[in-house]
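Visitor: I would like to go through this entry term by term, asking what each label rests on. Please show it to me before we start.

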Amino acid sequence: MARWLHGLGVSAGEVAGPVARLAAPPSLPEAGTAAVDPELEAGRAAVALAAVADDLEQRAAGLSGAARDVLTAQALIARDPVLQDGISALTADGQDAPHAVDQAFGEHRRALEAAGGYLAERASDLDDLRDRAVARLLGLPMPGVPDPGEPFVLVAIDLAPADTAMLDPMKVLAIVTERGGPTGHTAILAKQLGIPAVTACADAATLTDGQIVLVDGANGEVVADPGEQLIEDAQRRRHAQIARRERSRGPGRTADDRSIPLLVNLGGPGDLGAAALEDSEGVGLLRTEFLFLDRPTAPTFDEQRSAYGAVFDAFAGRRVVVRTLDVGADKPLAYLPQPEEPNPALGVRGLRLAQANPQLLDDQLRAIAEAAAGSEAEVWVMAPMVATAAEARMFAETARSHGLKKVGVMVEVPSAALTARQILEHVDFASIGTNDLAQYTLAADRLAGELAELLDPWQPALLRLIAETASAGGGLQRSVGVCGEAASDAMLALVLVGLGVTSLSMAPVCLPDVRAELAGHTLEQCRELAAAALAAPTAVDARAAVAELAGKQTAAPEVVQS
Ligand code: PEP
Ligand code: MG
């Protein structure tokens, strides 16, 4: 009998296959009572950690993009001298190497969890490092991805970045995890690899090796023992989608030829190669944090200018929307210490940090302007976390004083959506960050898997704020795009266009589906879908109502026999 399990759809695609569960982590034996040689044990731990780091670096060398960045960051943690000092202190206290490694990682993990937000999200990365080091010390097999000898659906409690980055899309049909937030590593990497994925699916614990499951990575559904009919239906949808994707080329347009530029989101230089090759109209969100985070000193002016220049050159002739630095609070800069904050997501982050440190913003804008002057790209610049019209005006004045022509703001705080009209009087465009706008509207931490329902971008409250912002843009003839994850959901993209959104920016791999869906609907039909979504009482109802109506809109017209 088919059984439905629900989670969070984080990477679209529908596929069926047998389950293979991730190998369990090594379990530690009871701590012995015999005396140990502290130096010998500390040395054994150091050798094990160095071997783990070497292995990660070797694997990183064969990869690119986010996968490479994630593994390199993991290797750096394994080589962290502070961690090694903690282990030495524990062996000096009489612990053997495996127990000292286990405890030191446990302490490190608790500290990250206590910090909350972005750092808490990285806490689970440590479990994988600990497991690998302990397995080495105990002579046990490395925990990790199974190889059942046929394509499979990987099921796990959680997936370490090191495992996700190495997945072979020819073998791994889909991923289902019990834990994992909507913006966690599993989600980001699965999307990059094009593997359908469902996270935060607590009932995945009941799935067993070899059991057949049907995974729907768009809707966050997993059907255990689906039976032939459901699998055939899914395969038919999949083939139709692949055919539509292959036909999808060129600029974003509705069926009645309205232009809706389709752009890509870029998180770092590693994303550049593949993204630039994608048939897109440019970059809708360049997250410049990659240049500033994970380093002891600020990037120099020249470093900044050449990093921006590289992106502009790769997108010569196309639009590139650069977002100024969005750090602070839970994404701290080592060289700009801030006092600890009880609610980091509500603290001094984004443009607020730039206001407190005007030189930081000034240098960045100057570097962007110089790089833009020497390039063929159409460079736009926008500020993150803008809450008031006064902030928008300040940012616009500063950016224009550097000669930047197209200046905008992100709308990701409810106050900005509610006062979009006043804000847009000062700037040329707005880009809606639905990830943060959902977090602040629903008062739900965006990294918390257990709050996935509240963070659903189909939430009526979020849709209303998007409608409010888009209508302010329409009134003032300003473009209002969406660059949060909502834009990569092909069905929701239609609703956004119907609400008045004028461009969509997303992970490159999602673009063909969105383009194909858009080409199948007129602007008027998108408006009908938007009205249906706004009228629905819940996110689940909105999604269902739109899916039904969109199906009717694209159904072949009945042939009347004469
Ligand atoms: C957003 O908040 O939706 C957004 C695009 O910005 P980020 O995910 O980088 O916070
Ligand atoms: Mg944001």
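Visitor: What makes the pair formed by an oxygen atom of ligand 1 and a polar backbone atom of glycine 433 a polar contact?
Guide: This is a predicted model. The two atoms are 3.4 Å apart. The limit for a pair of N or O atoms is 3.5 Å, so the pair counts as a polar contact.

Visitor: Which other atoms lie opposite an oxygen atom of ligand 1, in arginine 323 and in aspartate 436?
Guide: For arginine 323, an N or O atom of the side chain is 2.9 Å from a ligand oxygen. For aspartate 436, a polar backbone atom is 3.0 Å from a ligand oxygen. The protein buries 97% of the 290 Å² that ligand 1 exposes when taken alone.

Visitor: How many residues surround ligand 1, and which are the closest?
Guide: The shell has 13 residues, and the closest are Arg287, Arg323, Gly433, Asn435 and Arg446. By class, six are charged, four polar and three nonpolar.

Visitor: Why is Gly433, a residue of that shell, counted as polar?
Guide: The nonpolar and charged classes are fixed lists, and Gly is placed with the others, so it is counted as polar.

Visitor: Which elements supply at least two residues of the shell each?
Guide: They are β10, residues 282-287, and α16, residues 434-441. Helix α16 gives the most, with three residues.

Visitor: How do you know that Glu412 and Asp436 are donors of the magnesium ion, ligand 2?
Guide: Their atoms, OE of Glu412 and OD of Asp436, lie 2.1 to 2.2 Å from the ion. The cut-off for a donor here is 2.8 Å, so both qualify; water is not among the atoms, so a site may look incomplete. Glutamate 412 sits in the loop between β13 (406-411) and α14 (414-418), while aspartate 436 is in α16, so the pair ties together parts 24 residues apart in sequence.

Visitor: Are these two donors buried or exposed?
Guide: Glutamate 412 has 2% relative accessibility and counts as buried. Aspartate 436 is also buried, with a relative accessible area of 2%. The label applies because buried means under 20%.

Visitor: What makes β10 mostly covered?
Guide: Five of its six residues are buried.

Visitor: Why are β9 and β10 called paired?
Guide: Strand β9, residues 262-266, and β10 are joined by three bridges in the parallel sense. At least two are needed, so the strands pair. Within β9, valine 264 stands opposite valine 283 of β10.

Visitor: How many bridges join β10 to β11?
Guide: There are four, and strand β11, residues 319-323, runs parallel to β10. Valine 283 has valine 320 as its bridge partner in β11, and leucine 286 has valine 322.

Visitor: Why is β11 described as largely enclosed?
Guide: Five of its five residues are buried, so the rest of the structure largely encloses the strand. Arg319, Val321 and Arg323 point one way, Val320 and Val322 the other, and all are buried.

Visitor: What sets aspartate 225 apart in its backbone?
Guide: Its phi is positive, about 50°, although the residue is not a glycine. Aspartate 225 lies in the loop between β8 (221-224) and α8 (227-247). Its relative accessible area is 37%, which makes aspartate 225 partly exposed, because that label covers values between 20% and 50%.

Visitor: What is the phi of alanine 443, and is alanine 443 buried or exposed?
Guide: The phi is near 50°, again a positive value in a residue other than glycine. Alanine 443 is in the loop between α16 and α17 (452-455). With a relative accessible area of 69%, alanine 443 is exposed, because the limit is over 50%.

Visitor: Where is arginine 244, and what label does it get?
Guide: Arginine 244 is in helix α8. At 29% relative accessibility, arginine 244 counts as partly exposed. Its C-alpha atom is 10.0 Å from that of alanine 519, although 275 residues separate the two along the chain.

How values were computed. Residues numbered from 1 in each chain as written. Chains lettered and ligands numbered in written order. Predicted model: local features only at pLDDT ≥ 70, side-chain atom pairs only at ≥ 80, totals over all residues. Heavy atoms only, no water. Near = heavy atom within 4 Å. Polar contact = N/O pair within 3.5 Å; in protein donor to acceptor, adjacent residues only side chain to side chain. Areas by Shrake-Rupley, 256 points an atom, 1.4 Å probe, with all protein chains shown as cover. Donors = N, O, S within 2.8 Å, 3.2 Å for Na, K, Ca; no water. Buried < 20%, exposed > 50% of the residue type's maximum accessible area, 1.4 Å probe, protein only.
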